[in-house]
Amino acid sequence: MNEHDDVMCLVRESFSGLRMDLPVEDVLAAGRARRRRQRRRLSGLTAAAAATAGAAVAVTLTLGGAGPARSGAPPSPSASPVTLATFSVTDGPGHSTTLTLYKGTRLDPSALREDLARHGIPALVTVGTFCRSTGASVSFGQVVQPSTLPDGTDVMVINGAAMPPGTRLSIGYFAGHVRLLLIKDGAPLSCSSTSGQPAVHITPSGTPIRG
Amino acid sequence: MGHEQDEFADFYRASRDSCLRAVTAVVGDRELAEEQVAEAFTRAWTSWGQVRRHAAPRAWVVRTALNLGVSWWRRRHREVPLADHDSAVPGGPGDGVDPALIAALRRLPTRQREVLALRIFLDLDTETTAKVIGVAPGTVTAHLSRAVAALRRDLQPAHTDPDATEVIR
C-alpha cells in the first residue's frame with residue numbers, strides 16, 4: 001500500500017467493466033493474412049534487391065575494384081582487395097526510395113546521409129547510438145516499410161513524400177539491428193546507445209517489430 | 001505452430017482486457033483503443049517468436065497500440081485529418097467508466113497517462129515502466145506522483161469544500 005493506492009484503485013475499478021470481445025480466432029486470422037501480405041511484399045523486394053545487387057556489381061567493376069564501393073552490394077569474387085559495401089540507395093518501387101543495409105558490414109554514416117539526401121530524404125544517421133527529438137513525437141505513419149531478407153539484409157522502402165514537413169529520418173545503426181524514427185528539425189535531440197522505444201525495430205533474423 | 005498458436009491464444013485471452021483498459025485510459029476513446037489493441041495483438045501474433053521473449057509482452061502490445069496513433073485509425077477509416085492531427089478522436093470509453101474520470105485523465109499530459117496506465121492496468125513496476133517508456137525510473141515516479149495528485153484534485157467530491165468551485169471541462 002502506498003499514498004497513491006486510493007486514486008489508482010479508483011481508476012482500476014472504474015475501468016473494470018471494459019472488456020475486449022474480439023475472439024482470438026479473428027486475431028489469428030488477421031495475423032495469417034498479414035503474414036501472407038508480408039511474404040508477397042518480401043518476394044517483390046527480393047527481386048528488387050537482386051536487381052540492385054546486379055547494378056552495384058557493375059559499378060564496382062567499372063571502378064576496377066580498386067576502392068571501396070560507397071554504395072552497393074559486395075563486389076564480385078574476383079575483385080581484390082575485397083572491401084564490402086554497406087548499403088545501397090536506389091529509386092523505386094514507384095516514387096519511393098529503397099534503402100538496403102547489408103549484414104555484417106561497417107556503415108559510413110556520412111555517406112548514407114548524403115546518398116539519402118540526394119534522393120530527397122533528409123536523415124540523421126548514427127552508428128552505435130540512436131537519436132530522437134525530445135518533446136512531441138512525430139507520427140511515423142507509412143514513411144518506411146521495413147523488411148528483412150532471408151540472408152539478413154535489411155530492406156527499407158522509404159516514402160519520402162509521406163514525411164511531414166520539417167522532419168527527417170533518424171537512423172540508428174547497431175551491430176544487430178537498425179532503429180528508425182522521424183524527428184523534428186531543430187528540436188533538441190536525445191541520443192542513447194541503449195534500447196529506448198523504437199518506432200520500428202528490425203532484428204537480423206526476424207520480422208520487423210514496431211514497439 | 002500449434003503449440004505457438006495455443007500459447008498466443010492463452011496470452012491474448014489473459015491480456016486483452018488489461019491492454020484495452022490501458023490503451024483506453026491513454027487515448028480516451030473505446031472504439032479507437034479497441035481497434036489499436038486488436039491491430040497490436042495481430043502484430044504480436046505475426047512476430048510471436050520475438051514478442052513472447054519480450055520482458056513484458058503485454059507492455060509490448062500496449063506500446064505498439066499507442067504507437068499506431070490516431071493517424072493510423074484515420075487512414076484505416078479514410079478520415080480527413082484535422083488540423084491537430086494527433087489529438088484523440090472525441091468519443092468516450094463507455095462501459096460504465098465515469099465521464100468525470102475520463103475528463104480528468106484527458107487533462108493529464110500523455111506521458112503521465114501512459115505511466116498511470118502501465119502501472120495500474122499492467123501492474124508494471126517502476127523499473128519496467130521506465131524501460132517500456134524509455135525514461136529514467138525517477139521520471140516514472142515523478143510522472144506517477146503528478147498524475148495521481150492531479151486526479152485526486154480533479155476528482156475530489158465538491159461537497160468536501162463548499163467554497164470550492166469545480167470546473168469539469
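Here's a quick tour of a helix pair in chain B and a sheet in chain A. Keep in mind that this is a predicted model. In chain B, helices H6 and H7 cross at roughly 135 degrees. In chain A, 4 strands line up in an open sheet with antiparallel pairing.

**The helix pair in chain B**

- Look for helix H6 at residues 110-121 of chain B and helix H7 at residues 126-133 of chain B; their axes come within 10 Å.
- With a crossing of roughly 135 degrees, H6(B) is oblique to H7(B), because an angle over 145 would be needed to call the pair roughly antiparallel, and 65 to 115 to call it roughly perpendicular.
- As for handedness, H6(B) and H7(B) cross in a right-handed way.
- On the H6(B) side, the contact uses Glu114(B), Val115(B), Leu118(B) and Arg119(B).
- H7(B) brings Thr129(B), Val132(B) and Ile133(B) to that contact.
- Sort the residues where H6(B) meets H7(B) by character and you get 4 nonpolar, 1 polar and 2 charged.

**The sheet in chain A**

- Reading across the sheet, the strand order is S1-S2-S6-S5 in chain A.
- Strands S1 (87-91) and S5 (144-148) of chain A sit at the edges, each pairing on one side only.
- On average, and ignoring direction, neighbouring strands of this sheet are turned by 15 degrees against each other.

**Zooming in on S2 and S6**

- Strands of a sheet pair through backbone hydrogen bonds, and they can do so parallel or antiparallel.
- S2 (residues 97-101) and S6 (residues 154-158) of chain A run antiparallel, joined by 5 bridges.
- Want one to find for yourself? Thr97(A) has Ile158(A) in S6(A) as its bridge partner.

Terms used: Residues are numbered from 1 along each chain as its sequence is written. Chains are lettered from A and ligands numbered from 1 in the order in which they are written. This is a predicted model: local features need pLDDT of at least 70, side-chain atom pairs count only at pLDDT 80 or more; totals for chains, interfaces and linings use all residues. Axes are lines fitted to C-alpha atoms, for helices over the stretch in contact, and angles run from 0 to 180 degrees between N-to-C directions. Helices (H or I, at least four residues) and strands (E, at least two) are DSSP runs, numbered from the N terminus. Angles under 35 degrees count as roughly parallel, over 145 as roughly antiparallel, 65 to 115 as roughly perpendicular and the rest as oblique. A crossing is left-handed if the near helix is turned anticlockwise from the far one by less than a right angle, and right-handed if clockwise. Two residues are in contact if their C-beta atoms, placed from the backbone, lie within 7 Å. Ala, Val, Leu, Ile, Met, Phe, Trp, Tyr, Cys and Pro count as nonpolar, Asp, Glu, Lys and Arg as charged, and the others, Gly among them, as polar. Two strands pair if DSSP finds at least two bridges between them.
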